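Dear colleague,

Please find below the structure that I am handing over to you, followed by a short account of its salt bridges.

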Amino acid sequence: MLPRKRAAGAEAVQTTTESSPKKHCTAVTTGNSRSNDDNNNSIANTEDHIMALGNGNSIDIDEDLHSRQLAVYGRETMRRLFASNVLISGMQGLGAEIAKNLVLAGVKSVTLHDEGAVELWDLSGNFIFSEDDVGKNRALASIQKLQELNNSVVISTLTTELTKEQLSDFQVVVFTDISLERAIEFDDYCHNHQPPISFIKSEVRGLFGSTFCDFGPEFTVFDVDGKDPHTGIIASISNDNPALVTCVDDERLEFQDGDLVVFSEVNGMKELNDGKPRKIKNVRPYSFAIEEDTAKYSAYVKGGIVTQVKQPKVLKFKPLREALKDPGDFLLSDFSKFDRPPLLHLAFQALDKFQSEFGHFPVAGSEDDAQKFISSVTSMNDALSDGRLEAIDQILLRHFASGARAVLNPMAAMFGGIVGQEVVKACSGKFHPLFQFFYFESVESLPAEPLLPSDLKPLNSRYDAQISVFGSKIQKKLEDAKIFVVGSGALGCEFLKNLALMGVSCGKQGKLTITDDDVIEKSNLSRQFLFRDWNIGQAKSKVAASAAALINPSLNIEALQNRAGPETENVFNDEFWENLSVVVNALDNVNARLYIDQRCLYFQKPLLESGTLGAKCNTQMVIPHLTENYGASRDPPEKQAPMCTVHSFPHNIDHCLTWARSEFEGLLEKTPAEVNTYLTNPNEYASAMKKAGDAQARDNLERVLECLDKERCETFQDCINWARLKFEDYFANRVKQLTYTFPEDATTSNGAPFWSAPKRFPRPLQFSVDDPSHLYFIMSGSVLRAETFGIPIPDWVKSPRKLADAANQVIVPDFQPKRGVKIVTDEKASSFSTSSIDDAAVIDELIMKLEERRKLLSPGFRMNSIQFEKDDDTNYHMDLIAGLANMRARNYGIPEVDKLKAKFIAGRIIPAIATSTAMATGLVCLELYKVLDGGHKLQDYRNTFANLALPLFSIAEPVPPKVIKHKDMSWTVWDRWILKDNPTLKELLQWLKNRGLNAYSISHGSCLLYNSIFPKHRERMDKKLVDLVRNVAKAELPPYRQHFDVVVACEDDDDKDVDIPQVSIYFR
């Protein structure tokens, strides 16, 4: 038994008879914790209650493992997945991809069905098989490697012919290799079954793919898009018919006409607080109308929240038998190909007919088979009474026929993501299903030069399927490619798998370099499928490289643990970059992407960019001289809440969690680190503070002194005292001071109510040991405080009774609000530190007190600085942050959240699932064929944005780069002007002069090397530029550098500025 990722009693089950897989699932999962989760969540006593708060309930979901997936789906969807049994029939490349995604997602069981044996042909499309598996049954050969992905999923096999009665054991059935006749028979059974069984048929044929979904006569979608309900903060409501509701102009409303909304917390017009959904109309950016007469309602006073009510949607699917004749609207992906889906609808039917008649797929490159296939499509089209196509694209159909037998890995990865997501929808009702046909093709990926039949002949290699589509010449280019993959997380793992199967960098001349400075964590395992439990703590790149080499032993791969950035340009030097064929980004942050983008621009290397966010993914092709670069367009920065809002006037849970994380880091990370900095070298620290002499220095000293004096802890009871007094300070005293300074009836200088929307008037909390959330705050706070001081933590801390007794011993001083306390209300303020003319004197006094306090410390005393770690549920970090945020939310009447939701927001967790990752990498690898072929034009490349939740696919040509023209020259951001032979300043100026450009300023970094207005600079004319860089700019040019860059400002002969490319000076 392999190490488990989630508590379960599951085992791999191999079935070679027609036995019911559901029976096997029942047998091996008896006693599984999932089956009793409702009973196990009951809280029997106070002891259980306090711990349940800490664990965020839901004992059936391993939140450490599935946190990123939970951020997309939520607990209810995950529970439905855990109860779902899925059949996948056809274990070639597409079936393997679908199975991988579902096993990672964590369905209850996956049954693999295939009657065929592994062939060498399968190895270019299926990551599970090796050459040792050739001749084995495909389903049996798949079970072990899929089981390694998640031991909580029951994986079983069926290896004999399926009967339709067996389908009743599953909630969803997926067929990837089935005749149309059998598909219709099975779908009829599933459609009419009670309850209906969701049926999915998907195929990948060369560069063509299709998917059909039938989820029954009536299928309810509980959540169409997965978004949180939209909300608005009310500013006014009219007594009118219809009533006009105006909201504060903090953020634009995202409501639509016809939405249902509910009102809450409305003061005055309380009739609206009845919880009844109301339909809205006339939606504007900050207002809308409700279809209700409020003329006789009480007058609106203040406050109120309006929240969208998301409505379920019922879809009526047609069975395959009917949908083939009347397909309805096809889901489009590329609007430049809007006429393709109807033709492909016929083509896939004609391919089934061809197989039925001739017993095989059309042979690659066979003109005779292509003509038979085209004739079949033409006949089918001519027989149509409605929807007959006016023209048949024979070239497209010839490509279809030629590659029909091949299952290409990039296509399998893309459709594996799409179909995997459709299975999740069928199991859970989460997100809108594909309704009902989707067709896709990527013939632009074919070589620019026409292929000869001889190019497509099999070579008895693992790449024969790919060669049958692209030819042996492209295969050689793939094998000899030098690839740089940046990042080996979720995207990186998928890319390595795809590249290994495609044979990229698998030749004698080829090399794949992958780098990642991160290590494997448990939360990675739900989507970074090359990693296993036993790899936790190991370097991502090394483990991923080893796993990829097992997929294809010919892969020439080097794994590095360097972050690609300015500090590692000695590793990734000029020679490294110049030898690359293409760069593939698999990064998770914008700054790193921008750096790689600049490197690719500089060295004129293609960059294949992609990213995911939950069910969304995007790809961008950055091709030298053809497309704009990644950094040419930027997303607008995320809106940040003003500091005063977060500190004193929160109005949503995000504000509370932002404040909570800031307090956590200040108390437990920054202050202990500041203490240690002082204790390491007191004199140097004191001198630095005196030299700074500002409010920040004063604040730092005050925090250090407070930590070592008034708030110093020597026993665990001291830590409890500290936590109890922090509770009083945060949730009682500060609120009393705020409401003393700004009473509920306070007005602004304009006479308007101070506490008007979006501000919420706070109320202080009264501490009670009978409130489990109060007690849990004390527990998590005292445990972490003890950790910073190295104090042992007693076992009794988890006992509510003993903890309550200890908390009750704390003497809490009475609080009296002070007059004249300044509370920042300016939304533009960026700091709460206020300068004073007495800062220098106060700093001197603080340093004296600190020195006196230091003498009382034991020799070598140091504090432990705690760095926030969100993915360890045993460390109390998220418990304290959730406690801080929820108590603050309680102050302000804001709805509280559980620890999981708090983790998503405070931990800034990026929602992630395996399906969108797989789709993105498949799309990128379809573009890689074009890049390595080298002869494609701009119109052949594709950028993609997709949202699998809707589903939505938007595929379009990349944007070309901006062209700058001067005389008979033109250039773009891709150009770099190169001067070799170690030129002088004069030679550079003359080189530019010859091109009609008058340089008036030359700089290197931030240093000016030459400016025409400075007479002394003329003395530098005969000096080598490299000497100016070394002696004037004081730049270090390490031995591995062969050149440096200068920025030149130029004018034309009419004194107009001209933006020229960067100039590179080669001096070696």
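Glutamate 97 and lysine 497 are both buried, that is, under 20% relative accessible area with a 1.4 Å probe and protein chains only (exposed is over 50%, partly exposed in between). The two residues form a salt bridge (a side-chain nitrogen of Lys or Arg within 4 Å of a carboxyl oxygen of Asp or Glu), with the closest N and O atoms 2.6 Å apart. Because glutamate 97 belongs to helix H6 (residues 93-105) and lysine 497 to helix H16 (residues 490-502), the pair ties together parts that are 400 residues apart in sequence. Helices (H or I, at least four residues) and strands (E, at least two) are DSSP runs, numbered from the N terminus.

This is a predicted model, in which local features need pLDDT of at least 70 and side-chain atom pairs count only at pLDDT 80 or more, while totals for chains, interfaces and linings use all residues. Residues are numbered from 1 along each chain as its sequence is written, and side-chain values use heavy atoms, leaving out hydrogens and water.

The count of salt bridges comes to 65. In another of these, glutamate 441 meets lysine 337, the closest N and O atoms being 3.0 Å apart. Glutamate 441 lies in strand E15 (residues 437-441) and lysine 337 in the loop between helix H9 (320-325) and helix H10 (340-358), so this pair ties together parts 104 residues apart in sequence. Both glutamate 441 and lysine 337 are buried. Salt bridges with shared partners join Asp334, Lys337, Arg340, Glu441, Glu444 and Arg942 into one network.

Yours sincerely
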